[in-house]
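Thank you all for coming. Please take a moment to look at the sequence and the model, and then I will walk you through them.

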Amino acid sequence: MDKQPSQAFIALGSNLENPIAQIQHAFEELKQLPGTCLMKQSSLYQSAPVGRLDQPDFINAVALIETYLAPHDLLNALLAIEQNHGRVRESLNAPRTLDLDILLYDDLQCRDEKLTLPHPRMLQRAFVLKPLMEIAPDCHIPGHNDIAQLLLSCDEQKLEQIKALK
């Protein structure tokens, strides 16, 4: 019997060098990953920075992919896309051309030096939860409440839908 692809949700964010174009190009690059199919993509959302406030607002989105890549292989592929976009890791919460994070990979829960699943900060980020709820309202986050309940705890975070994608 053939192995079925895994489902993974990917968060996309950018606040440098034409962030809307960065996100749109990243969606296209997700389609090009080996053994991977882009199933859904959220609208684009504008959000205020978190942690380090002296930087431009972010453009954020979430993608659902089906992939045959193992979690760490997927992470390495996403890091390569970030690098191709000129991503520089100066410090935590620094401005960036592109940020790609694996939010969920099937129902896998893991924690090692490179990857933690589910993504540990997704639960406190409206800019992740809102686009995730848009494309997967019934999505289950292992060990946590449903997305709508989690989103209620983030209602003070400024978030604006700016572009619905086809």
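**Strands, helices and a pocket**

Let me begin with a single pair of residues: Q46 of strand β3 has I59 as its bridge partner in strand β4. Before I go on, please keep in mind that this is a predicted model, in which local features need pLDDT of at least 70 and side-chain atom pairs count only at pLDDT 80 or more, while totals for chains, interfaces and linings use all residues. Residues are numbered from 1 along each chain as its sequence is written, and side-chain values use heavy atoms, with hydrogens and water left out.

The helices and strands I name are DSSP runs, numbered from the N terminus, where a helix is H or I with at least four residues and a strand is E with at least two. Two strands pair if DSSP finds at least two bridges between them.

With that in hand, let us return to strand β3, residues 44–47, which is joined to strand β4, residues 58–67, by 3 bridges, the two running antiparallel. Another of these partnerships links Y45 with N60 in β4. Strand β3 also pairs with strand β8, residues 159–163, in the antiparallel sense over 4 bridges, and there L44 stands opposite K163 of β8.

Which other strands does β4 meet? Strand β1 is joined to β4 by 9 bridges, and the two run antiparallel; strand β2 is joined to β4 by 5 bridges, again antiparallel. It is worth pausing on A63 in β4, since this residue is the bridge partner of I10 and also stands opposite Q41. As for burial, which means under 20% relative accessible area, with exposed meaning over 50% and partly exposed in between (1.4 Å probe, protein chains only), 9 of the 10 residues of β4 are buried, so this strand is largely enclosed by the rest of the structure.

Now to the helices. Helix α1 covers residues 19–31, and at 1.5 Å a residue its 13 residues should span 18 Å, which agrees with the 19 Å between its end C-alpha atoms; the expected span here is 1.5 Å times one less than the number of residues. The buried residues of α1 are P19, A21, Q22, I23, A26, F27 and L30. What covers them? The cover includes β1 (6–14), β2 (36–41), β3, β4, α2 (71–84) and β5 (99–105), where contact means heavy atoms within 4.5 Å.

Just before this helix, in the loop between β1 and α1, we find E17 and N18. Phi of E17 is near 55°, a positive value in a residue other than glycine, and N18, which is not a glycine either, has a positive phi of about 60°. At 61% relative accessibility, E17 counts as exposed.

Helix α3, residues 126–135, has 7 of its 10 residues buried, so it is largely enclosed by the rest of the structure. Those buried residues are A126, F127, V128, L129, P131, L132 and I135. In the loop between β7 (116–117) and α3 lies P118, and a cis peptide bond, with omega about -10°, joins L117 and P118. Both L117 and P118 are touched by L108, as is P71, not counting residues up to four places away in sequence. L108 itself lies in the loop between β5 and β6 (110–111).

Finally, where is there open space? Rolling a probe the size of a water molecule over the atoms shows where empty space is left. On a 1 Å grid over the protein atoms alone, a pocket is an open set of points where a 1.4 Å probe fits, with protein on both sides within 12 Å along at least five of seven lines, and lining residues have an atom within 4 Å of a point. About 860 Å³ of space lies in the largest pocket, the volume being the space filled by probe spheres set on the points, which are joined across faces, edges and corners. Its lining has 42 residues, of which R96, D99, D101, H119 and R121 lie nearest the centre. The largest share of that lining, 5 residues, comes from β5. By type, the lining divides into 21 nonpolar, 9 polar and 12 charged residues, where Ala, Val, Leu, Ile, Met, Phe, Trp, Tyr, Cys and Pro count as nonpolar, Asp, Glu, Lys and Arg as charged, and the others, Gly among them, as polar.
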